[in-house]
Amino acid sequence: MTPDLFEQGAERLESHKAKLSTDVTSGDRGASYGRIHTSGALDTTHGRILYLEDVHVSFDGFKAINHLSLDISPGELRCIIGPNGAGKTTMMDIITGKTKPDSGQVFFGSTIDLLRYNEPEIAQLGIGRKFQKPTVFEHLSVFENLELALKTHKGVAASMFFKLDGVQSDRLCEVLETIHLTQEMRRQAGNLSHGQKQWLEIGMLLMQDPKLLLLDEPVAGMTDFETERTAELFLSLKGKHSLMVVEHDMSFINTISDIVTVLCDGSVLAQGTLAQVQADERVIEVYLGR
């Protein structure tokens, strides 16, 4: 990471006002400020939970990601927009280990180099991803779907004799309330509406206690009511988790967003509030139209 990026992150953290020493390394890299960290632990001391710097990916000569650099703060809700083919899905593939970039750096916090890990390992590190189409166990109840998603040992013996303890039961009830499905907890997941299935899948991710959630077009196909409830859900998660939301629904984005990043041709075209990017002539030209 560049020193400027670290310094900007440090400034964003109100609690981290004291300048630390400059002669301590961070993982395998030099750091602008020193601190003590545990190997493999998420370190957001510098005010960033996700860093992508100068990332490149080509597929058969096509530059899907080109000089992509962006960063997200802990607890931030970042919206990503852009035309089809802008690189939004490929960016998420890189973050979650599905695609390895040709070059560049991708860090989770200041010390975890995501390029060293595969998809299951990245999920275990605390990054959850939801694809556009909901994927739930339709023959099981809402409750059973959430129970299966608990962050526990998944061996055969452990699964056969597993029983919820008090803490796990409380957590499951908390998630049911968060995703607006308490009244549907005994209902078979296959009988839920499209929006409810989306909420259930988000709930299943929450049971894993992720630090960062990647959400791909979460309100596509939802009714107006479901879209409104989803906005409420995301705003309730903001601060507790970091969220990266890829979406095309401008009304929804306007409701939830603080910062919007516009991707085009595999790199950041513009960034700012929704009003700022909507007024940007470059964004109007390539994405919003006139």
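Helices and strands here are DSSP runs, numbered from the N terminus, with at least four residues for a helix and at least two for a strand. Names such as β9 and α8 in this tour follow that numbering. The model is predicted.

**Stop 1: the whole chain**

Show everything as a cartoon. The chain has 11 helices and 12 strands. Now colour by burial. Of the 290 residues, 50% are buried. Switch to a surface. About 14,100 Å² is exposed, and carbon and sulfur atoms supply 50% of that area. Contacts also reach far along the sequence. Taking those between residues at least 6 apart, 66% join residues at least 24 apart.

**Stop 2: the loop after β9**

Select 212–216 for β9 and 224–237 for α8; E217 is in the loop between them. Check its backbone. Phi of E217 is near 45 degrees, a positive value in a residue other than glycine. Most residues other than glycine have a negative phi. Is E217 buried or exposed? Its relative accessible area is 18%, and the cut-off for buried is under 20%, so E217 counts as buried.

**Stop 3: a second positive phi**

Move to strand β4, residues 62–72, and pick out H67. Phi of H67 is near 55 degrees, again a positive value in a residue other than glycine.

**Stop 4: the aromatic pair**

Show F234 and F252 as sticks. A search of the whole structure finds 1 aromatic pair. The ring centres of F234 and F252 are 5.8 Å apart. Why is the pair called edge-to-face? The ring planes of F234 and F252 stand at 70 degrees, and edge-to-face applies over 60, so the pair qualifies. F234 sits in helix α8, while F252 sits in helix α9, residues 250–256. The two are 18 residues apart, and the pair links distant parts of the chain. Both phenylalanines, F234 and F252, are buried.

**Stop 5: the largest pocket**

Turn on pocket display. The largest pocket has a volume of about 560 Å³. Its lining counts 21 residues. For the residues nearest its centre, select A123, G128, R129, L205 and Q208.

Which elements each supply at least two residues of this lining? Select α3 (119–125), β8 (127–130) and α7 (194–206). The largest share, 5 residues, comes from α3. Now colour the lining by residue class: 11 are nonpolar, 6 polar and 4 charged.

**Stop 6: D93, a contact of R129**

Keep R129 on screen; it is among the residues nearest the pocket centre. Add D93, which lies in helix α2, residues 88–95. Leaving out residues up to four places away in sequence, D93 touches K98, T99 and R129. D93 has 10% relative accessibility, so it falls under the 20% limit and counts as buried.

**Stop 7: V277 and its neighbours**

Finish at helix α10, residues 274–278, and select V277. How much of V277 is accessible? Its relative accessible area is 1%, so V277 is buried. Next, show what surrounds this side of the helix as sticks. Setting aside neighbours within four places in sequence, V277 is in contact with V260, V262, A270, Q271, G272, V283 and L288. Last, draw a distance from the C-alpha of V277 to that of T261. The separation is 8.2 Å, and the two residues are 16 apart along the chain.

Methods: Residues numbered from 1 in each chain as written. Predicted model: local features only at pLDDT ≥ 70, side-chain atom pairs only at ≥ 80, totals over all residues. Heavy atoms only, no water. 1 Å grid on protein atoms, 1.4 Å probe; cavity = no way out; pocket = protein on both sides within 12 Å on 5 of 7 lines; lining within 4 Å. Points joined across faces, edges and corners; volume = space filled by probe spheres on them. Nonpolar A, V, L, I, M, F, W, Y, C, P; charged D, E, K, R; others polar. Buried < 20%, exposed > 50% of the residue type's maximum accessible area, 1.4 Å probe, protein only. Contact = heavy atoms within 4.5 Å. Areas by Shrake-Rupley, 256 points an atom, 1.4 Å probe, with all protein chains shown as cover. Phe/Tyr/Trp six-rings, centres within 6.5 Å; stacked < 30°, edge-to-face > 60°.
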